[in-house]
Amino acid sequence: MTNYFDLHCHLLPDVDDGPATMADALALAQALVQQGFSTVVATPHYLEDFSQRYQAQIKQQYQLLCEALQEAGVPLHVVLGGEILLTPVLLDLAPQELPFIAGTKSLLLELPLYQALPSYTEQVLFQLQLQGCQPIIAHPERCQALQSDPASLQTLVQLGCLVQVNFTSLSGLYGKRVQRTAKQLLNDGMAHFLASDSHHVKQLQKANLQSLAKQYPLQLLLQENPKALLNNEPVKRMSQNRTPLAALKKLFRL
Ligand SMILES: [Fe+2]
């Protein structure tokens, strides 16, 4: 029996591009339980709206979801966080305006997917850490700038960022290039967490965790590290996969 933690999931109904209805949200929650998840961080998008009104809407939908899960008997513990677009605006917000992952100082941050890394990226990440925040880079394998220049991600990790890769990327949900980058990041030991980033049931159905567990340390990336993060404990680094097969795969970009 697995006890996985999903740090990145668009589970709240009628908030962002996640489930439109409570029934859809419950179906996604049920699918997560079937995949072995016991705890999920609901991470609605924060693009530019950090207003009290938006956050109140999120909290209301979160309460309704928790009640509906209990009523339906779905054994899934849900806590609140957010997926935040990295911009300098974050530096002007008060701590209570930032959607930290429940009870922690961690922020799940996304970078633009189809553009060069913004010039302010390193500076904002550095300043956030000076303010006591722990940045987590969401799905770097989906960022074109990082696909063509993985060393940039290494720089962000050296700056103190943690890295979350989508396990759906490993399963090919976003195409071959994203899949190849995700595999390379894991083989290079560059990920601290895997997560679903699921918006609806169909995305989860693309992933076969049992198959991925034969190749990657899911126990560390879906259980030990996310659990440690939620408990405000240090997370572990992956060991690099230096087997001859991994080296050959890297050489031929398989
Ligand atoms: Fe997301």
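This briefing covers an iron site, two helices, the nonpolar cores and two single residues. The model is predicted. Its iron ion is held by His8, His10, Glu83 and Asp197. The largest nonpolar core has 64 residues. A second, separate core has 12.

**Iron site**

- Four residues coordinate the iron ion: His8 and His10 through NE2, Glu83 through OE, and Asp197 through OD.
- The coordination distances run from 2.1 to 2.2 Å.
- Angles among the four donor atoms span 82 to 175°, and the site is irregular.
- Along the sequence, the donor residues follow the spacing H-x1-H-x72-E-x113-D.
- Histidine 8 counts as buried because its relative accessibility is 0%.
- Histidine 10 is also buried, with a relative accessible area of 1%.

**Helix H1**

- H1 covers residues 22–34, which makes 13 residues.
- From first C-alpha to last, H1 reaches 18 Å, close to the 18 Å expected at 1.5 Å a residue.
- Ala25, Leu28, Ala29, Ala31 and Leu32 are the buried residues of H1.
- These buried residues cover an arc of only 160° around the axis, so they sit on the same side of H1.
- Ala23 and Gln34 are exposed, on the face of H1 turned away from the buried side.
- Two strands, E1 (4–9) and E2 (37–42), pack against the buried residues of H1.
- Helices H2 (52–72) and H8 (201–205) pack against them as well.
- Glycine 36, just after H1, takes a positive phi of about 105°.

**Helix H7**

- H7 runs over residues 176–187 and has 12 residues.
- Its reach from first C-alpha to last is 16 Å, close to the 16 Å expected at 1.5 Å a residue.
- Buried in H7 are Val178, Gln179, Thr181, Ala182, Leu185, Leu186 and Asn187.
- The helices that these buried residues pack against are H4 (144–148), H5 (150–158), H6 (167–170) and H10 (218–230).
- They also pack against strands E8 (162–166) and E9 (193–195).
- Just after H7, glycine 189 has a positive phi of about 70°.

**Nonpolar cores**

- In the largest core, the residues touching the most other members are Leu11, Leu76, Leu90, Phe167, Leu186 and Leu194.
- One of these, Leu186, is a buried residue of H7.
- Leucine 76 is in contact with Leu11, Ala29, Leu32, Val33, Phe37, Ser38, Thr39, Val40 and Leu69, leaving aside neighbours within four places in sequence.
- Among these contacts, Ala29 and Leu32 are buried residues of H1.
- The second, separate core includes Leu7, Val41, Ile101 and Ala138.

**Valine 79**

- Valine 79 lies in strand E4, residues 77–80.
- It is buried, with a relative accessible area of 14%.
- Neighbours within four places in sequence aside, valine 79 contacts Val40, Val41, Ala42, Tyr62 and Ala102.
- One of these contacts, Val41, belongs to the second core.
- Valine 79 and leucine 65 are 14 residues apart in sequence. In space, their C-alpha atoms are 11 Å apart.

**Glutamine 223**

- Glutamine 223 is part of helix H10.
- It counts as buried because its relative accessibility is 16%, and the cut-off for buried is under 20%.
- With neighbours within four places in sequence left aside, glutamine 223 is in contact with Asn3, Tyr4, Phe5 and Leu218.
- H10 is also one of the helices that the buried residues of H7 pack against.

Conventions: Residues numbered from 1 in each chain as written. Predicted model: local features only at pLDDT ≥ 70, side-chain atom pairs only at ≥ 80, totals over all residues. Heavy atoms only, no water. Helix = DSSP H or I, 4+ residues; strand = E, 2+ residues; numbered from the N terminus. Expected span 1.5 Å × (residues − 1). Buried < 20%, exposed > 50% of the residue type's maximum accessible area, 1.4 Å probe, protein only. Contact = heavy atoms within 4.5 Å. Donors = N, O, S within 2.8 Å, 3.2 Å for Na, K, Ca; no water. Tetrahedral: all angles 85-135°; square planar, octahedral: opposite > 155°, others 65-115°. Core = buried A, V, L, I, M, F, W, Y, C linked by side-chain atoms within 4.5 Å. Arc of directions from axis to C-beta.
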